[in-house]
Amino acid sequence: MKKRIVLLLVVTIVTSAILFAAGDAEKKAVASSSEPLSVMIWDSNQEPGIRQIIDDFTAKTGVKAEVQVVDWNNYWTLLSAGAQGGSLPDVFWMHSNESQRYMSNDMLLDVTDRIAKSSLIDPSNYPEDIWSLYTYNKKYYAVPKDIDTIALWYNKTLFDEAGVAYPDENWTWDDLYEAAKKLTKADGSVYGFTNVNSNNQAGWYNLIYSNNGYVISEDKTKSGMDHPNTIEAMKWMEKMINEDLMPPQHVMSESGEDVLLQSGKTAMTMQGSWMVAAFRDNEYSYNNCDVAMLPLNKKTGRRASIYNGLGWAISADTPRADDAWKLVEYFGSEEGQLKQAELGITMSAYKDTSEKWKNSVPQFNLQAYLNMQDDMVIRPFSRNTVKWENAVLDVMLKVWSKEMTMEAGCKEAARQMNEILAEE
């Protein structure tokens, strides 16, 4: 009797498991065929172009997707909450600041095998450094979306009014300094140059590497903020701060470099290639501004540009893994990357596609960004980038606010950074 009861119980459990699995599979099938994929990004300037690429994808595959735009700060708050609650978007942007943390905690889908089987994604068609940002334990966790370089934006109208020649390929950082002095107005209505303390990738990081300094060692164990070459480079920025050739720190923080350029309040600022769409769509900057290569470091002969690249990632817990992969695969394909370039969304990661991007806004000299690829340095990162980067930015805030000398600030930033790196 007991044997019959046990046997009946086993049959019941197995049958229930089969029915549950079948029901779950049916739900996934229904979701796959009818519900749109959720896609999350943080840049509203890129949204219209991303939607066009998704429309092309949907026309080809029948798979729909909806885009949600969340500003940078809230993006990572929502993503972190979603990761903890098991409700991440199906597809989303990943950044080098956060990638190591998300990959090491199994929050991203391992796409290594999918890439190996793909006829559209071949790692050799993208910069190796970009892949390194989204590789963990020799596994791939995202597909490169783009690359970016840094260049110098300037206001042609303000230059003309001051009788200053436009920046060109012969400019050094000393030339920028001299031009900033001529362009800065005593009444505070116009400043020659702008670089807020928090803008490191598109700002002062470029000064450091052009002077053969560094932010973090290649083995990710030591800060380079106290290296003599780093301090020397950063003293150029201190000169701009102390001589009031840049707006006060609170003005830069409140308005942002892009807003100050777009309102004629600053004559020059360094910005990444991801900002082109914003300057294109702003009437003032479109009609009054242009872009040039960063100045040359006359001591080293370098014109370094910090570069980075976003990755298209997939939630490890998505029930739509196959459809999500199809979308990410299309975003990263030559066709998708060419479309991204042609629409002027941003420079594409796929080799030989950014020429189309250069021609997307004839009003601007976007060749300057392509020229900056001659000496590219991958954005400094480690496992806990956000932690040490925030510590460094807090110290730099004191320097920008004239509460601390640049040399003291660089040494303190290195001390704090080394403590954090020692914990990795």
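**Entry 1: two loop residues**

I began with Asn212, which I found in the loop between α9 and α10 (228–242). This is a predicted model, and I kept that in mind for every entry below. Asn212 has a positive phi of about 65° although it is not a glycine. I noted beside it that most residues other than glycine have a negative phi. I then looked up how far Asn212 is covered, and with a relative accessible area of 39% it is partly exposed, because that class takes in values between the 20% and 50% cut-offs.

I went on to Lys402, where phi is near 65°, again a positive value in a residue other than glycine. Lys402 is found in the loop between α19 (385–400) and α20 (406–422), and at 46% relative accessibility it counts as partly exposed.

**Entry 2: the chain as a whole**

I stepped back to the overall figures, and noted 20 helices and 12 strands in the chain. The C-alpha trace spans about 100 × 45 × 35 Å along its principal axes. Of the 424 residues in the chain, 53% are buried. I also looked at how far apart in sequence the contacting residues are: among contacts between residues at least 6 apart, 74% join residues at least 24 apart.

**Entry 3: the sheet with β7, β8 and β9**

I traced an open sheet of three strands, whose order is β8-β7-β9 and whose pairing is antiparallel. Strands β8 (268–272) and β9 (289–292) are the edge strands, each pairing on one side only. Neighbouring strands of this sheet are turned against each other by 35° on average, with direction ignored.

I then followed β7 (residues 150–155) to its partner β9, and found that four bridges join the two antiparallel strands. Which residue of β9 does Asn155 stand opposite? Asn155 faces Cys289 there.

Two helices lie across β7 and β8, and I recorded their directions relative to β8. Helix α8 (residues 173–183) lies across both strands and runs at about 130° to β8, while helix α9 (residues 200–210), also lying across β7 and β8, runs at about 110° to β8.

**Entry 4: the parallel pair β1 and β2**

I turned to strand β1 (residues 37–41), which five bridges join to strand β2 (residues 65–69), the two running parallel. Within this pair, Met40 stands opposite Gln68 in β2. I followed the chain from β1 through helix α2 (residues 47–61) to β2, and recorded this β-α-β crossover as right-handed.

**Entry 5: the largest nonpolar core**

I looked up which members of the largest nonpolar core touch the most others: among its 136 residues, these are Phe193, Trp204, Met225, Met237, Met268, Met396 and Trp400. Helix α19 contributes the largest share of this core, with eight residues.

I picked Met237 for a closer look, setting aside its neighbours within four places in sequence. What remains in contact with Met237 is Phe193, Asn195, Trp204, Leu207, Met246, Trp400 and Met406.

**Entry 6: aromatic pairs**

I counted the ring pairs last, and the structure holds 25 aromatic pairs. In the pair of Tyr126 and Trp131, the ring centres are 5.5 Å apart and the planes stand at 85°, so I entered it as edge-to-face. Tyr126 counts as buried at 5% relative accessibility, and Trp131 is buried too, with a relative accessible area of 5%.

I compared this with Tyr286 and Phe364, whose ring centres are 6.0 Å apart and whose planes stand at 65°, so this pair is edge-to-face as well. Tyr286 lies in helix α14 (residues 283–288) and Phe364 in the loop between α17 (354–358) and α18 (367–371), so the pair ties together parts that are 78 residues apart in sequence. Is each of these two rings' residues buried or partly exposed? Tyr286 is partly exposed, with a relative accessible area of 31%, whereas Phe364 counts as buried at 4% relative accessibility.

I closed with a cluster that ring pairs link together, made up of Trp42, Trp72, Tyr75, Trp76, Trp93, Tyr102, Trp312 and Phe331.

Notes
Residues numbered from 1 in each chain as written. Predicted model: local features only at pLDDT ≥ 70, side-chain atom pairs only at ≥ 80, totals over all residues. Heavy atoms only, no water. Pairing = 2+ DSSP bridges. Axes fitted to C-alpha atoms, helices over the stretch in contact; angles between N-to-C directions. Contact = heavy atoms within 4.5 Å. Right-handed = clockwise from strand over helix to strand, strands pointing away. Buried < 20%, exposed > 50% of the residue type's maximum accessible area, 1.4 Å probe, protein only. Core = buried A, V, L, I, M, F, W, Y, C linked by side-chain atoms within 4.5 Å. Phe/Tyr/Trp six-rings, centres within 6.5 Å; stacked < 30°, edge-to-face > 60°.
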